[in-house]
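Me: I've just opened this one and I'm finding my way around. Could you walk me through it?

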Amino acid sequence: MTKTNNHHTILVVDDQMGVRRLLFEAFQEEGYQVDMAANGSDALEKIDQVRPDIVLMDMKMPGMSGLEVLREVKKQDKDLKVILMTAYGELEIVAEAMALGVTEYVTKPFDINEVRGLVRKALA
Ligand SMILES: [Mg+2]
């Protein structure tokens, strides 16, 4: 395995531990630095501390939604790359996320290889 991703940091934001763990393991295995947050306010703190290259963010979380976090994030750094993870059929949310400058979105349940591809493309 090539270790070409060593310098890229990914922040995984999801309220479900299983999803966080899946993404953590998949990307760490590829050589990325992976950090995690379980909710929106934790995510904003981590973004400040860790300065990730890309954020994989769940849409549906208790407290701040992914869209609300995205709005905050883009106020502070409009160039930060964010991939939003939505449920199937949330077209209005996707449209709003696109308007806010989301890099990409993926529909849950996602194929891990699709997420890998989107991250690779976003960071290329
Ligand atoms: Mg969720």
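**Helices, sheet and two oddities**

Me: Which residues of helix 3 are met by Gly40, Ala43, Leu44 and Ile47 in helix 2?
Reply: This is a predicted model, where local features need pLDDT of at least 70, side-chain atom pairs count only at pLDDT 80 or more, and totals for chains, interfaces and linings use all residues. Residues are numbered from 1 along each chain as its sequence is written. Helices (H or I, at least four residues) and strands (E, at least two) are DSSP runs numbered from the N terminus, and a contact puts two C-beta atoms, placed from the backbone, within 7 Å. On the helix 3 side, the partners are Glu68, Val69, Glu72 and Val73.

Me: By class, what residues does that contact of helix 2 with helix 3 have?
Reply: Ala, Val, Leu, Ile, Met, Phe, Trp, Tyr, Cys and Pro count as nonpolar, Asp, Glu, Lys and Arg as charged, and the others, Gly among them, as polar. Sorted like that, the contact has 5 nonpolar, 1 polar and 2 charged residues.

Me: Are helix 2 and helix 3 roughly parallel or roughly antiparallel?
Reply: Their axes come within 10 Å and cross at roughly 25°. Axes are lines fitted to C-alpha atoms, for helices over the stretch in contact, and angles run from 0 to 180 degrees between N-to-C directions. Angles under 35 degrees count as roughly parallel, over 145 as roughly antiparallel, 65 to 115 as roughly perpendicular and the rest as oblique. Helix 2 and helix 3 are therefore roughly parallel.

Me: In what order do the 5 strands form the open sheet?
Reply: Two strands pair if DSSP finds at least two bridges between them, and here the pairing is parallel. Strand 2 (33–37) and strand 5 (104–108) are the edges, each pairing on one side only. The order is 2-1-3-4-5.

Me: Which residue in strand 4 is the bridge partner of isoleucine 54?
Reply: Strand 3 (residues 54–58) and strand 4 (residues 81–87) run parallel, joined by 5 bridges. For isoleucine 54, the partner is lysine 81.

Me: Which peptide bond is cis, with omega near -5°?
Reply: Most peptide bonds are trans. For the cis one, look at the loop between strand 5 and helix 5, the place of proline 109. The bond runs from lysine 108 to proline 109.

Me: Which residue has a positive phi although it is not a glycine?
Reply: Most residues other than glycine have a negative phi. Check the loop between helix 2 and strand 3. With a phi of about 50°, the residue is arginine 51.
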